[in-house]
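Hi,

Here is the structure I promised to pass on to you. Have a look at it first, and then read my notes below with the viewer open.

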Amino acid sequence: MFKILVVDDEAKIREVIRTYAEFEGNSVTEASDGIEAIEKCREEKFDVIVMDIMMPRLDGFSAYSEIKKIADIPVLMLSARGEEYDKLFGFEIGIDDYVVKPFSPKELMARLNVIVKRHQRNIANKTMEFEELKIDLDGKVVYVHGEKVSMTPKEYDLLVYLATNENIALSRDKLLSEVWGYDFYGDDRTVDTHIKMLRNSIMDYRKFIVTVRGTGYKFDAGE
């Protein structure tokens, strides 16, 4: 299936992940801290990394920042804490998912499958496909059921940002700053209006753009 680097200073955690990963046919390499993880990434190629945040010598966030300079490898972070700050900081530096300990090994493997599938799809095709919704990243064109969709540049940018951050609840302020720019003068209505336009543009697949009450929106293709 795919090659996983498991980074955690707790041997029992590494053992549990290895057991479930190998049962599904994957190969596993272990590292006990961030520095060892960086060394492993210099020596081998991995499809995905599972990495604890709090580790001796070098924490997971710092290690991942260095690994990104070596290779483009998706990562799922583990943490014994569930603070929102950790999650937000992690997503800001580019992690793909976040799981709080104690966790379900089956859920962890399901999340890893989604991460790897999405990453490989994007790298191989330079497109993002969700059922019959296709985003051509090179051509900046969107297709629904094989037909080209007419949309504004900002609708396209909004769709790509939402899809790139699949299953992550994004606040309206976050969308404003990332899609329109930090110096854009606008309010929540700007986001809501464009979400409405975007939903109309992608027709059947408006179902993928989910309203998160009290927060904003997220892209959920149900994979």
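Six elements each supply at least two residues of the lining of the largest pocket: α4 (84-93), β5 (97-100), α5 (105-125), α6, β10 (170-171) and α7 (172-180). Please keep in mind that this is a predicted model. The largest share of that lining comes from α5, with seven residues. In total, 40 residues line the largest pocket, and Phe91, Ile95, Asp96, Asn165 and Ile168 are the ones that lie nearest its centre. How do the lining residues divide into nonpolar, polar and charged? There are 20 nonpolar, eight polar and 12 charged residues. The space in this pocket comes to about 1,100 Å³.

Now for the sheet. Four strands make up an open sheet in the order β6-β7-β8-β9, and their pairing is antiparallel. Because β6 (127-130) and β9 (147-148) stand at the edges with a single partner strand each, one side of each is left without a neighbour in the sheet. Helix α6 (residues 153-164), which also helps to line the largest pocket, packs on this sheet and touches β6, β7 (133-136) and β8. The direction of α6 makes about 105 degrees with that of β7.

You can walk through the sheet strand by strand:

- β6 and β7: four bridges pair these strands in the antiparallel sense, and Met128 has Ile135 in β7 as its bridge partner. The two strands form a hairpin with two residues between them, where Glu131 takes a positive phi near 55 degrees.
- β7 and β8: these strands run antiparallel too, joined by four bridges, with Asp136 opposite Val141 in β8. Their hairpin has four residues between the strands, and Lys140 in the turn has a positive phi of about 55 degrees.
- β8 and β9: two bridges join β8 (residues 141-144) to β9, again antiparallel. Here Tyr143 stands opposite Lys148 in β9.

One last thing to look for is in β7. Which residues of β7 are on its covered face, and which on its uncovered one? Leu133 and Ile135 make up the covered face, while Lys134 and Asp136 make up the uncovered one. You have already met two of these residues: Ile135 is the partner of Met128, and Asp136 stands across from Val141.

Enjoy exploring, and write back with any questions!

Best wishes

Notes:
Residues numbered from 1 in each chain as written. Predicted model: local features only at pLDDT ≥ 70, side-chain atom pairs only at ≥ 80, totals over all residues. Heavy atoms only, no water. Pairing = 2+ DSSP bridges. Contact = heavy atoms within 4.5 Å. Axes fitted to C-alpha atoms, helices over the stretch in contact; angles between N-to-C directions. Buried < 20%, exposed > 50% of the residue type's maximum accessible area, 1.4 Å probe, protein only. 1 Å grid on protein atoms, 1.4 Å probe; cavity = no way out; pocket = protein on both sides within 12 Å on 5 of 7 lines; lining within 4 Å. Points joined across faces, edges and corners; volume = space filled by probe spheres on them. Nonpolar A, V, L, I, M, F, W, Y, C, P; charged D, E, K, R; others polar.
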